[in-house]
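Colleague: I would like a close look at a single part of this protein, the second largest pocket, and then at what surrounds it. Please take me through it carefully, in one connected account.

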Amino acid sequence: MITCFDIGGSFVRHGLLQTDGNVVESGRVETPGTDWLSFVDAIKNRCDTGSDPVSISLAGAFDERTGIADVANIPCLHKRNVLKDLEAALGRTVLITNDADAFALAEAVAGSGRGKPVVFGIILGSGVGGGIAVNGGLVKGYDGIAGEWGHGPVMDPTAGGQLSGLGHFPCGCGQTGCIDAVCSARGMEKIHLSLHGLALSSRQITGAWHEGDPAAIRTIEAYTTLLSRALSVIVNTLGPHVVPVSGGLSGEAALLDLIDRKTRALVLADYADPLVIKGRFAENGGLMGASIIARIAYGEAPA
Ligand SMILES: [Zn+2]
């Protein structure tokens, strides 16, 4: 049986591809971050005894041309040829897909984008990512990087003149002022710290926002303004029929609603319905996407 994995910085989640095409999470273990052999064991111990393929959603960039992953928060995989090394260690065929791509594909095939030609799935969590699916298939792009709108030093630190003194935030990619650095959950926290001198978690900030706290209101206004301005350019470029959201901030319905209204006010097209919405697979897009990748590669799930 094909085993599907969702490998994140915190957990390795796994599930078996069902005959109806769905995948059900059957367990999770903490991600062995630094030790390659422990990581291999974590995968190996959750596969059956045969030699069926495994399909993996990976929380990081993956270049299928070279097999090399770029996963700074899982050091034992970072810059490694994960595809070659894992296939050698497991004695199985390994399929690897970036987690944002897996989520976008899951939404396009079986979620909020089902039957819709263009789906731009985005992740708003510890980082900002994205994946593009057109007519039910992934757009990979040069080096497999299509959809990764989180990087590039594009941020206006004045939020269109609404702010002063916000400053440019350095990004993990080496640049300064990336969407990922400003509009991730950590970015929201940095905005709050920069504006008010208060070190709160994103959960605390959104909680204070719900209670009408003026400082949190200002932070969320800046955050959603910066995010929707960047997103509007992507929406005008791609013309997505829906922008499903995954990641830790996707559970904040009011936040997504505000991002949606601000984005739709900025774009050229006149969207009659909400565009930026919580994805159907916001919680399990990695596993679901990995299962769809396996089905595309191997046909229907084995009985
Ligand atoms: Zn960056």
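Modeller: The protein is divided into two parts, domain 1 (3-101 + 283-298) and domain 2 (117-278), and this division is the frame for everything that follows in what is a predicted model. The C-alpha centres of domain 1 and domain 2 are 27 Å apart, and the contact between them draws on 11 residues from domain 1 and 12 residues from domain 2.

The second largest pocket holds about 360 Å³ of space. Its lining is made of 21 residues, and those closest to its centre are Glu64, Ile96, Thr97, Lys140 and Ile293. Because domain 1 and domain 2 both give residues to this lining, the second largest pocket lies between them. Several elements supply at least two lining residues each, namely β5 (61-63), β7 (94-98), α3 (99-110), β10 (137-139) and α9 (285-298), and of the elements it is β7 that gives the most, with 5 residues. Sorted by class, the lining of the second largest pocket comprises 10 nonpolar, 5 polar and 6 charged residues.

Two buried residues help to place these elements. Met288 is found in helix α9, and with a relative accessible area of 3% Met288 is buried, because the limit for that term is under 20%. Along the chain Met288 and Leu105 are 183 residues apart, yet their C-alpha atoms are separated by 8.6 Å. The other residue, Ser55, lies in strand β4 (residues 54-58) and counts as buried at 0% relative accessibility. Leaving aside neighbours within four places in sequence, Ser55 is in contact with Ile2, Thr3, Cys4 and Phe5, with Leu95, and with Ala290, Ile293 and Ala294. One of these partners, Ile293, is also among the residues closest to the centre of the second largest pocket.

From the pocket I turn to the nonpolar interior. The largest nonpolar core has 44 residues, of which Leu124, Trp149, Cys183, Ile191, Tyr223 and Ile259 touch the most other members. Two or more residues of this core come from each of β8 (118-124), β9 (128-134), α4 (179-183), α5 (185-196), α6 (202-210), α7 (214-238), β11 (243-246) and α8 (253-266), and α7 provides the largest share, 9 residues. Cys183 can serve as an example from this core: not counting residues up to four places away in sequence, Cys183 touches Leu124, Val128, Met155, Tyr223, Leu226 and Leu227. Apart from the largest core lies another core, of 22 residues, which includes Ile7, Leu90, Val94 and Ile96; of these, Ile96 is also named among the residues closest to the centre of the second largest pocket.

There is also enclosed space to consider. A search of the whole structure finds 1 cavity of 30 Å³ or more, and the largest cavity has a volume of about 30 Å³. Met155, Asp156, Pro157, Leu166, Gly167, His168, Phe169, Gly177, Val182 and Leu226 line the largest cavity, a lining that by class has 6 nonpolar, 3 polar and 1 charged residues. Met155 and Leu226, both in this lining, are also touched by Cys183.

Another cavity-lining residue, Gly177, leads to Gly152, whose contacts beyond four places in sequence are Gln175, Gly177, Cys178 and Ile179. Gly152 has its place in the loop between β10 and α4, and at 13% relative accessibility Gly152 counts as buried. Although Gly152 and Ile179 are 27 residues apart in sequence, they are 7.3 Å apart in space, C-alpha to C-alpha.

Finally, two loop residues deserve a look for their backbone angles. Most residues other than glycine have a negative phi. Lys79, however, has a positive phi of about 65° although it is not a glycine; Lys79 is placed in the loop between β6 (68-70) and α2 (82-90), and with a relative accessible area of 53% Lys79 is exposed. Asn135 is likewise not a glycine, and its phi is positive, near 50°. Asn135 lies in the loop between β9 and β10, and at 65% relative accessibility Asn135 counts as exposed.

Methods. Residues numbered from 1 in each chain as written. Predicted model: local features only at pLDDT ≥ 70, side-chain atom pairs only at ≥ 80, totals over all residues. Heavy atoms only, no water. 1 Å grid on protein atoms, 1.4 Å probe; cavity = no way out; pocket = protein on both sides within 12 Å on 5 of 7 lines; lining within 4 Å. Points joined across faces, edges and corners; volume = space filled by probe spheres on them. Helix = DSSP H or I, 4+ residues; strand = E, 2+ residues; numbered from the N terminus. Nonpolar A, V, L, I, M, F, W, Y, C, P; charged D, E, K, R; others polar. Domains from an automatic or database assignment. Core = buried A, V, L, I, M, F, W, Y, C linked by side-chain atoms within 4.5 Å. Buried < 20%, exposed > 50% of the residue type's maximum accessible area, 1.4 Å probe, protein only. Contact = heavy atoms within 4.5 Å.
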